[in-house]
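Student: I am new to this structure and should like to go through it step by step. May we look at it together?

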Amino acid sequence: MDFNIEWHDRLGSTNARMRERFYATDAMASGLVIAARDQTDGRGRQDRKWLSSPNTNLCFSLFLETDAELIKVPSLTMAPALSVTELLNSKGMRAATKWPNDVLVTEKKICGILSERVEQASHRGIIVGVGLNVNMSSEEADSIDRPATSMMIENGRAYDPGQVLEDLLPQLEYWIGEWAAGGFPAIRRVWTENTGPIGKKLIVHDGDIRKTGTLAGFGEHGELLLETDNGHEIIWSGDVS
Ligand code: BTN
């Protein structure tokens, strides 16, 4: 995949800008990356806000053209999560993926991913938005309502977000390529190693529904398999703790 990176000093949301771009054109090739040094209206999953101070973290969206059926789409987001995990591990952190598409270090969130499907008569694809906390300070991390960390907090030094993006591209290319070739089954082993262990206790929240059980594994499309007192349950969406 050829990456074409566009940096902006300030944007509301890189996902929103990518979506506008998609609907304004008749064709868009995989690999366009829109990145913002300052993202003022970042969006997270379940309508949450994604907070990032100017010139501090990495906020970008990547477009992937794909005809994959809808059921295959959620697992595509797991490929960038694996890419970020590998990058952080290469920098001496012990990163883990958290279903469906977060990355944690020391049990705290360091990266969140929001993917959106876009479709026009002539073409369709997925926008994958990645927010990676690079130079977030511990004061800022403490002000977030959920445990959060950053590369700087973990490694005690600042990083250049632009360089972090450059370093991430080979991993993105590799893991997205694996997904494109074989879907979730092609990334399942590494995903499970990074997200497990099998048998760990989980609480899954989906709206008002709360389920407890242990991790039994991941299905053909990345759905979470939960072993509960009522038997095996298949979880397609939710928040895990
Ligand atoms: C989450 O964990 O809830 C997902 C957060 C995703 C944040 C990124 S930052 C770049 C891109 N643009 C957005 O508005 N959101 C994503």
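Student: Which strand gives the largest share of the shell around the ligand?

Tutor: This is a predicted model, in which local features need pLDDT of at least 70 and side-chain atom pairs count only at pLDDT 80 or more, while totals for chains, interfaces and linings use all residues. Residues are numbered from 1 along each chain as its sequence is written, and side-chain values use heavy atoms, with hydrogens and water left out. Helices (H or I, at least four residues) and strands (E, at least two) are DSSP runs, numbered from the N terminus. The largest share of the shell, four residues, comes from strand 8.

Student: How many residues surround the ligand, and how do they divide by type?

Tutor: A residue belongs here if one of its heavy atoms lies within 4 Å of the ligand. There are 19 such residues, and the closest are Ser13, Gln39, Arg43, Arg45 and Lys109. Ala, Val, Leu, Ile, Met, Phe, Trp, Tyr, Cys and Pro count as nonpolar, Asp, Glu, Lys and Arg as charged, and the others, Gly among them, as polar. The shell therefore divides into five nonpolar, 10 polar and four charged residues.

Student: What is the distance from a polar side-chain atom of Lys109 to an oxygen atom of the ligand?

Tutor: A polar contact is a pair of N or O atoms within 3.5 Å; within protein, one must be able to donate a hydrogen and the other to accept it, and residues adjacent in sequence count only if both atoms are side-chain atoms. Ser13 places a side-chain N or O atom 2.8 Å from a ligand oxygen, and Gln39 has a polar side-chain atom 3.0 Å from a ligand nitrogen. For Lys109 and a ligand oxygen, the distance is 2.5 Å.

Student: Why does Arg45 count as buried or exposed?

Tutor: Arg45 sits in the loop between strand 3 (42–43) and strand 4 (49–50). Buried means under 20% relative accessible area, exposed over 50%, and partly exposed in between (1.4 Å probe, protein chains only). Because its relative accessibility is 18%, Arg45 counts as buried.

Student: How many of the 13 residues of helix 3 are buried?

Tutor: Helix 3 covers residues 78–90. Among its buried residues are Met78, Leu82 and Leu88. The helix is mostly covered, and the number buried is 10.

Student: Is Ala96 buried, exposed or partly exposed, and why?

Tutor: Ala96 is part of strand 6 (residues 95–98). Because its relative accessibility is 28%, Ala96 counts as partly exposed.

Technical notes
Expected span 1.5 Å × (residues − 1).
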